[in-house]
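Trainee: I keep reading labels like "exposed" and "tilted" and taking them on trust. Could we go through some and check them against their cut-offs?

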Amino acid sequence: EVLQLALFNGQTSLENVLVSFESKLCGSDDYTFLLRELGNRGEHEKAIKCFQFAVRRERRKNEQGKLASAMISILGRLGKVELAMGIFETALREGYGNTVYAFSALISAYGRSGYYDEAIKVFDSMKNYGLKPNSVTYNAVIDACGKGGVEFKRVVEIFDEMLSGGVQPDRITFNSLLAVCSRGGLWEAAMNLFSEMVNRGIDRDIFTYNTLLDAVCKGGQMDLAFDIMEEMPANVLPNVVTYSTMIDGYAKAGRFNDALNLFNEMKFLGIGLDRVSYNTLLSIYAKLGRFEEALDICREMEGSGIRKDVVTYNALLGGYGKQGKYNEVRRLFDEMKAQRVSPNLLTYSTVIDVYSKGGLYEEAMDVFREFKRAGLKADVVLYSALIDALCKNGLVESAVSLLDEMTKEGIRPNVVTYNSIIDAFGRSTTSECLSDTGQISELQTKTSSLVIERGIEADTGQISELQTKTSSLVIERGIEADATDGEDNRIIKIFGQLAAEKGGQAKKGCGVRQEILCIRCDSFEDASMLLEELRLFDNQVYGVAHGLLMGYRENVWIQAQSLFDEVKSMDSSTASAFYNALTDMLWHFGQKRGAQLVVLEGKRRQVWENVWSNSCLDLHLMSSGAARAMVHAWLLNIRSIVFEGHELPKLLSILTGWGKHSKVVGDGALKRAVEALLTGMGAPFQLAKCNLGRFISNGPVITAWLRESGTLKLLVLHDDRTHLENTRFQEISNLQTIPL
């Protein structure tokens, strides 16, 4: 009755209500009920007023302490952490807040709002008050660490302290620990914790299983995740979160058919989809280019009362963008704003990336301007999209400049950022340059030139001569006279220049001179110098790239293993892009043995699934350098089969894909590179008539070729540059002795 009156009356009359019922309210339990119910309805101000009334009426310190703990906990759930801290400090000052429960409630309040540092400080301060943490306290601080992204090592220290203090963990403890593993994809630690729960006889609930599955899926262990899900019905039935987690895991691993099979299983079992499930499915169909089905999911989603949100639009924008459907991207981007769905940082990053890769630089520039007007701050995704666009257009110096800018902003580059820059080292580039008076003849770079374009304002002058030496740097500068300074303006000017060059609209006689100097990266020294500079940004990534380039394989291989471990935790497309970029760079600069070791490491870590068997080599997800290194390894492997006295399969195949992104279907760059390699070695493969991306041969013919005396020399790869430190690697004189 008091609750109803409190809800329907203003704050001013609340005290009168409480006074009139004071004789009927039986101590702290009734007041705690009122606080909790007011909090559940979001009435935190009325709850505080009720709390203050109750504390004044209650004389017993322990009962006042219970009320304070309840009030702090309620405010924590509502995200009112400063108000919770105020209640705590008052209680402490007045002598009824010095309880384990009050401290635990404040720790939980900080944890819910992401203030894990403050949560740990409160936890540590308990000792100063002579308080011993209990299971509630430890659960609260472990949960706070999980929500705040604290390293697992630190959380384990707290857990060990809990055990050594004789406090027994319960299901909530383990669920909180599993949540820490989940956020970091620490699937092995999660499995160990789950086993510990079983050994201790602690019941597992649906949250336990779903959190474990999330950790295992994020670790890329989808077969293990499937096994766990299969075992669940013996303890608890999978729910929509279980299926959503698994579907998302399969999607990120590129196993779209498995994801769709689970979706069908959900429908068969009558499990209703939630927003996460719908958005994940929609993303899968969009990535596969199956837009009719994606739109069907949209309609089904809206029919069930779930409106399209920013995640839905981002998935569609990314899917249409990858298929080059730029008109659809433009239409969807306009539609989401018309539907009052505010674009977020990922939306802008996606659209800018799509337009940049499609050469729609004016559109990218307009979206970037809109992004700045929205008052959003660039993150690693947006910077990576811009850096990738610059690298793919040869503007590597501008890309490195943006890399410098993002690190100064406190944004740590991710593997996608590094992929773009490393990939720029391994890409062959042809640049056409314009002068004030007309077109300069095409500049052909025999090896992979690193093209860096910039604009320099000049009053007069023409390019009189193009000097190209062994090491030269292509720099084009074009800065308009009325341009202002600043990072944002510089990005806009870069897009403007790219747009003008694409449309052939570079103005004549406008006081802008294209100053060009060429520096080819056809030597180790040039590439080494640039990678040495990039090590300042991230020594782990560029240190490994530099060490492998310079032939210091023995010294950097342990560091490389650590880097590869980190890459393995990422989704399959990002991981394969990293291996492709690194291998291309090494192959291009003649470190072909190093390139092969990297690509075999990728195979060992299953970066490319089912890449080879004794009868087939599937290269369609590989870059040119990675594919060529893999061809050598595969041929050496089947050569070892021949010399062990075994017969080869009757039909051998090398798949390169159809080259669907090429101007002529079946004439992809990967196919041409592999064809040239096979022809150069004299390998007796020919194109299949029914599949333009497939090279075939028969077992006896390949066996005869592999037995020829000169074949082994053709197959074994070497580095152009090695060091004495590589003794261990050099002792392996023949790759066929390595268990591939």
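**Checking the labels**

Trainee: Why is Glu-231 called exposed?

Mentor: Glu-231 has a relative accessible area of 53%. Exposed means over 50%, buried means under 20%, and partly exposed is in between (1.4 Å probe, protein chains only), so Glu-231 at 53% earns the word exposed. The areas come from the Shrake-Rupley method, and for residues only the protein chains shown count as cover. Keep in mind that this is a predicted model, where local features need pLDDT of at least 70 and side-chain atom pairs pLDDT 80 or more, while totals for chains, interfaces and linings use all residues. Residues are numbered from 1 along each chain as its sequence is written, and side-chain values use heavy atoms, with hydrogens and water left out.

Trainee: What makes a negative patch out of Asp-227, Glu-230, Glu-231 and Glu-265?

Mentor: Asp and Glu count as negative, Lys and Arg as positive, and His and the chain ends are left out. A patch takes residues with over 30% relative accessible area and no salt bridge, joining like charges within 9 Å (nonpolar side chains, Val, Leu, Ile, Met, Phe, Trp and Tyr, within 5 Å). The place of a charge is CG for Asp, CD for Glu, NZ for Lys and CZ for Arg. Those four residues gather on the surface as such a patch.

Trainee: Which helix gives the most to the negative patch?

Mentor: Helix α14, residues 222–231, with three residues. Glu-231 sits in that helix. Helices here are DSSP runs (H or I, at least four residues), strands are E runs of at least two, and both are numbered from the N terminus.

Trainee: On to the rings. Why is the pair of Phe-103 and Tyr-129 called tilted?

Mentor: The ring centres of Phe-103 and Tyr-129 are 5.5 Å apart and the planes stand at 55°. Rings of Phe, Tyr and Trp (its six-membered ring) pair if the centres lie within 6.5 Å; planes under 30 degrees apart are stacked, over 60 edge-to-face, and the rest tilted. So 5.5 Å makes a pair, and 55° makes it tilted. The pair links distant parts of the chain, 26 residues apart: Phe-103 is in helix α7, and Tyr-129 is in the loop between α8 and α9.

Trainee: Is Phe-103 buried or exposed, and what about Tyr-129?

Mentor: Phe-103, at 1%, is under the cut-off and therefore buried. Tyr-129, at 39%, falls in between, so it is partly exposed.

Trainee: And what makes Phe-333 and Tyr-348 an edge-to-face pair?

Mentor: The centres are 6.1 Å apart, within the pairing limit, and the planes are at 80°, so edge-to-face fits. Phe-333 is in helix α20 and Tyr-348 in helix α21, 15 residues apart. Both Phe-333 and Tyr-348 are buried, and the two join Phe-368 and Phe-371 in one aromatic cluster. In total the structure holds 10 aromatic pairs.

Trainee: How do you know that Asp-205 and Arg-171 meet in a salt bridge?

Mentor: A salt bridge needs a side-chain nitrogen of Lys or Arg within 4 Å of a carboxyl oxygen of Asp or Glu. The N to O distance for Asp-205 and Arg-171 is 3.2 Å, so the label holds. Asp-205 is in the loop between α12 and α13 and Arg-171 is in helix α11, so the bridge ties together parts 34 residues apart in sequence. The whole structure has 20 salt bridges.

Trainee: What makes Arg-331 and Glu-335 a salt bridge?

Mentor: Their closest N and O atoms are 3.0 Å apart, so they pass the limit. Arg-331 and Glu-335 both lie in helix α20, four residues apart, about one turn of the helix. Bridges with shared partners join Lys-308, Glu-328, Arg-331 and Glu-335 into one network.

Trainee: One last check: why is Met-301 called buried?

Mentor: Met-301 has a relative accessible area of 0%, under the cut-off, so buried is right. Met-301 is in helix α18, and its C-alpha is 8.5 Å from that of Leu-273, 28 residues away in sequence.

Trainee: And what is Arg-340, buried or exposed?

Mentor: Arg-340 is at 78%, over the upper cut-off, so exposed. Arg-340 sits in the loop between α20 and α21 and has a positive phi of about 60° although it is not a glycine.

How values were computed: Areas by Shrake-Rupley, 256 points an atom, 1.4 Å probe, with all protein chains shown as cover.
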